[in-house]
Amino acid sequence: MKKTTAAITAVGGYVPDFVLSNKVLETMVDTNDEWITTRTGIKERRILKEENAGTSFMAIKAAEDLLQKRGIEASEIDFVLVATATPDMPVASTAAYVASEIGAVNAFAYDLQAACSSFLYGMSTAASYIESGRYKKVLVIGADKMSSIIDYTDRTTCIIFGDGAGAVLFEPNEEGLGLQDEYLRSDGIGRQFLKIDAGGSILPASEETVKNKQHYVFQDGKSVFKFAVSNMADVSALIMERNNLTKDEVQWLAPHQANKRIIDATANRMGVEPEKVMINIDRYGNTTSATLPLLLYDYEKQLRKGDNIIFAAFGGGFTWGSIYLKWAYNS
C-alpha cells in the first residue's frame, strides 16, 4: 500500500493596491530610502486601506483566487486554517468567518498563531490532517494586516511590515510528492524581544495602555536579528542533512521575508545559489504569516513537478523551523 503524503495542488494570493514606498516613509519618519534598502532589502510594502476591512478581507480574496484557479467549489473544502498574528477581533475565529464567506459550508475552521512562523506551522498541521486519511482538501491561508498594529512614528518597525495574504490547498498524493520532512522549534526566551505589551490577559486594554502606545508591535531589532540568522540557517541546513540533500538537489529556498540579510545568511549556510532563493521582500516587506504563501504565489509559474523546496521561517515567541516539500504539479 502506497504511503499518502500531503501535496500542495493550488496557490492563491492577494496584496492591497496601496503602495507605501520608502520615499513616502521619508516624509513620515526620520529615515531614508538608502538606509532602509541596505539594512532590510525593502523598497515598498502594500497597505490595506479599505474601510472596515481586516485580515479576513485579504484572506477571502486569496482563497477565492485559489478556488478559481483550481476549478473547485468551496463546498469541497474539509478544513480551513487561517495562520495570522492579526485576527479580525479577539475570541471570534477569523478562519470561521472566512470559511463561511467563501462558501466552505462543509468545512471546520480555526486560527493558528505563531507569529511569523504561523504559516509554516500551518503547513505541518494541514499535512497531518491529510496524512491521517480523514480529510481530502485542506485550505491553509496566511494573512496579516500588520498596518493595524504598527506605530507609524516608530522608524524601527514601520519600515519593515506590510499587509497581504496567500493561500495553498493541500490534497492527498501517492506519488511521493508533497511534504517530506519538518523540523519545528520554539523558545519562550523570545517573548521579551518581539511583542505587543497590551491587549492580552496580562495587561488588558485601558486608557493608559492606549496613551502609552502599548498596543503596537515592539521589536528589539538586534536581538531578533541575531536569533533569526542563526536559527533559520541552522534548521535549513539540518533539514538538508537529514534528507541527504546536496545544494544541487535543492531547486528552491522559500525563506520568511523579514530581512534580506537574514535570507542571504540562510542561503549561504545551505550553499544555495542566489538564483534559487525566492524573494519578494523588496515589494511587500514583511507580511508575517503571508510571506511564504506569497512567495509561492509569485514564483508558481517557475515551479516544476518534483522540485525540492526548503521552507524556513522565524517569528516572535520565539518560533522557527524548516519544511522540506516536493512540488506536485507544473503550472
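A charge counts as sitting over a ring when NZ of Lys or CZ of Arg is within 6 Å of the ring centre and within 35 degrees of the ring normal. Keep that at hand for the first exercise; the structure here is a predicted model.

**Exercise 1. Charges over rings**

Task: Over which ring does the charged end of Lys49 sit, and over which ring does that of Arg283 sit?

Solution: Start with Lys49. Its charged end is placed over the ring of Phe18, 4.7 Å from the centre. Now turn to Arg283, whose charged end sits over the ring of Tyr284 at 4.8 Å from the centre.

**Exercise 2. Classifying two ring pairs**

Task: Are the rings of Phe79 and Phe108 stacked or edge-to-face, and what is the pair Phe227 and Phe318?

Solution: A pair of aromatic rings is described by the distance of the centres and the angle of the planes.

Step 1. For Phe79 and Phe108 the centres are 4.4 Å apart and the planes meet at 10°. Planes under 30 degrees apart count as stacked, so this pair is stacked.

Step 2. Place the two residues in the chain. Phe79 belongs to strand β4 and Phe108 to strand β5, 29 residues apart. Phe79 is buried, with a relative accessible area of 0%, whereas Phe108 is partly exposed at 30%.

Step 3. The rings of Phe227 and Phe318 have centres 4.8 Å apart and planes at 40°, so they are tilted. This pair also links distant parts of the chain: Phe227 is in helix α8, and Phe318 is in the loop between β12 and β13, 91 residues apart. Phe318 is buried, with a relative accessible area of 1%.

Step 4. Look beyond single pairs. Phe79 and Phe108 join Tyr110, Tyr129 and Tyr135 in a cluster linked by ring pairs.

**Exercise 3. Reading a sheet**

Task: In what order do the four strands of the open sheet run, and which of them stand at the edges?

Solution: Strands of a sheet pair through backbone hydrogen bonds, either parallel or antiparallel.

Step 1. The order is β8-β13-β12-β11, with mixed pairing.

Step 2. β8 and β11 each have a single partner strand, so one side of each lacks a neighbour in the sheet. From one strand to the next, the twist averages 15°.

Step 3. Take one pairing in detail. β8 and β13 are antiparallel over eight bridges; Glu182 has Ile323 in β13 as its bridge partner.

Step 4. Add the helices. Helix α5 lies across β8, β12 and β13, at about 130° to β8. α8 packs on the sheet too, touching β8, β11, β12 and β13.

Key
Residues are numbered from 1 along each chain as its sequence is written. This is a predicted model: local features need pLDDT of at least 70, side-chain atom pairs count only at pLDDT 80 or more; totals for chains, interfaces and linings use all residues. Side-chain values use heavy atoms; hydrogens and water are left out. Rings of Phe, Tyr and Trp (its six-membered ring) pair if their centres lie within 6.5 Å; planes under 30 degrees apart count as stacked, over 60 as edge-to-face and the rest as tilted. Helices (H or I, at least four residues) and strands (E, at least two) are DSSP runs, numbered from the N terminus. Buried means under 20% relative accessible area, exposed over 50%, partly exposed in between (1.4 Å probe, protein chains only). Two strands pair if DSSP finds at least two bridges between them. Axes are lines fitted to C-alpha atoms, for helices over the stretch in contact, and angles run from 0 to 180 degrees between N-to-C directions. Contact means heavy atoms within 4.5 Å.
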